[in-house]
Amino acid sequence: MENFTYCTPTKYIFGKGAELHAGEELKRIGLKNVVVCYGKGSVIRSGLLKRVLERLDAEGISHTELGGIEPNPTDPKVREGIDLCRQINADGLLAVGGGSTIDTAKAIAAGVPYDGDFWDFWAGKATVGTALPVGVVLTIPAAGSEGSGNSVITLLDGMRKISLRTDFALRPKFALLNPELTYTLPQEQTAAGIADMMAHILERYFSPTADVEITDRVSEGVLMAIMEEAPKVIADPCNYQARANIMWSGTLAHNGICGTGRKEDWVSHFMEHELSSLYGITHGTGLAIVFPAWMTFMAHHNPWKVAQLARRVLGIEINGDDTTVALAGIKRIKEFFHSLGLPVSLADIGITDPDIEHLVKKLHENKGDEIGGYYHLRAPQTTEIYNLAR
């Protein structure tokens, strides 16, 4: 196990009616004038936004709305939000929605006090030192952005989809999690969220670091819980206990606990970002395609951790070497994704002739010639993995 520093300053309020604490939590951290960010209207139609704004009014907190945030968020909305915050002299942001809304709010929060272009942070030209405080009312358990310092934004000029990671500066000050708010999610969105949170765990699980049994077991336990609860929420979207377990799993998957003391990988996320940037697919859906392909490559090149996952989590009890066991585990995880209605190949979503040359070119332009923590990959290897995802 490696040395690490772990700090999660986010306050979580979990359970029925959690969203009703929005006003008091903003007041607790000293905010008086916030921009409320949300997506394309479901929070309006459901009445959630109205309930939240009423709580802000009750606490005397001024608020201005920034709606229309798209999935796979892009830089124009961030720039609009930065301008709005500066115009009204906002002292913080409240994100009401899922990962795209939260990531946009974080990007705005980083950009407001910065003299240059906010994209400097994503391009690696600057480091986020200060940012406006961000609070969250979560509606989609998937990205885990409610408990992380990460934010994924696409720069339209060149279609560069980049994930920024910060230790503390962009972690939300609080997150309000009510599983009831997820009852009306479409099945495909619920399933994609499950794949996303599983991938967040796997990116940390597949590590070259030895002697990390405690975080291996934490990761395995959360993965097993997700795989047990996922069929329940698909079968009965209003099963509160199953929804609660899935929602909390999404937070635990990405708040850093599963990555303590170890090197992480993140190649599958990098590869998926290029897919969703080019083809506009849902992030979790793309991960259900990319991760089994990446694991298949690893089964033939560095199989030991894939085999461990197969034995400990996926119930593979066959005799055989690590490659044989790993491939059996990959077959089982594909079956699990299929059972949720998720694709496991590009052909499953109608992409029969993917532009692999473009995907590989953009991947290495954005992330460097050699990528990966579990196994180092260059263009010939990432080309092979994209081909395995066909």
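**Close-up views of the predicted model**

**Figure 1. Phe 14 of E1 stands opposite Leu 177 in E8.** Strand E1 and strand E8 (residues 174-177) run parallel and are joined by four bridges; two strands count as paired if DSSP finds at least two bridges between them. Helices (H or I, at least four residues) and strands (E, at least two) are DSSP runs numbered from the N terminus. The model is predicted: local features require pLDDT of at least 70 and side-chain atom pairs count only at pLDDT 80 or more, whereas totals for chains, interfaces and linings use all residues. Residues are numbered from 1 along each chain as its sequence is written, and side-chain values use heavy atoms, with hydrogens and water left out.

**Figure 2. The open sheet comprises six strands in parallel pairing.** Their order is E1-E8-E5-E4-E2-E3. Strand E1 (11-14) and strand E3 (62-66) occupy the edges, each with a single partner strand, so one side of each has no neighbour in the sheet. On average, neighbouring strands of this sheet are turned by 20 degrees against each other, direction ignored. Angles run from 0 to 180 degrees between the N-to-C directions of axes fitted to C-alpha atoms, for helices over the stretch in contact.

**Figure 3. Helices H4 and H9 pack against strands of the sheet.** Helix H4 (residues 75-88) lies across strand E2 (33-37), E3 and strand E4 (92-97), and runs at about 160 degrees to E3. Helix H9 (residues 240-254) touches E1, strand E5 (134-138) and E8. The direction of H9 makes about 170 degrees with that of E1. Contact denotes heavy atoms within 4.5 Å.

**Figure 4. Thr 182 is located in the loop between E8 and helix H7 (187-205).** With a relative accessible area of 1%, Thr 182 is buried (under 20%; exposed is over 50% and partly exposed in between, for a 1.4 Å probe and protein chains only). A polar atom of the Thr 182 side chain lies 2.7 Å from the backbone oxygen of Pro 179. Not counting residues up to four places away in sequence, Thr 182 touches Thr 139, Pro 141, Arg 243 and Met 247.

**Figure 5. Asn 255 is placed in the loop between H9 and helix H10 (267-279).** The relative accessible area of Asn 255 is 5%, which makes the residue buried. Its side chain reaches the backbone nitrogen of Ile 257 at 3.3 Å. Apart from neighbours within four places in sequence, the contacts of Asn 255 are Tyr 6, Thr 8, Tyr 12, Gly 147 and Arg 171. Glu 274 is 19 residues from Asn 255 along the chain, and their C-alpha atoms are separated by 24 Å.

**Figure 6. Strands E6 and E7 pair in the antiparallel sense over six bridges.** Strand E6 spans residues 150-155, and six of its six residues are buried. Asn 150, Val 152 and Thr 154 point one way from E6, while Ser 151, Ile 153 and Leu 155 point the other way. Asn 150 stands opposite Arg 165 in strand E7 (residues 160-165). Four residues separate the strands of this hairpin, in which Gly 158 adopts a positive phi near 95 degrees.

**Figure 7. The largest cavity has a volume of about 30 Å³.** Its lining consists of Ala 131, Leu 132, Pro 133, Val 134, Ala 169, Leu 170, Arg 171 and Lys 173. A cavity is a set of points, on a 1 Å grid over the protein atoms alone, where a 1.4 Å probe fits but cannot get out, and lining residues have an atom within 4 Å of a point. Grid points are joined across faces, edges and corners, and the volume is the space filled by probe spheres set on them.

Methods. A polar contact is a pair of N or O atoms within 3.5 Å; within protein, one must be able to donate a hydrogen and the other to accept it, and residues adjacent in sequence count only if both atoms are side-chain atoms. On a 1 Å grid over the protein atoms alone, a cavity is a set of points where a 1.4 Å probe fits but cannot get out, and a pocket is an open set with protein on both sides within 12 Å along at least five of seven lines; lining residues have an atom within 4 Å of a point.
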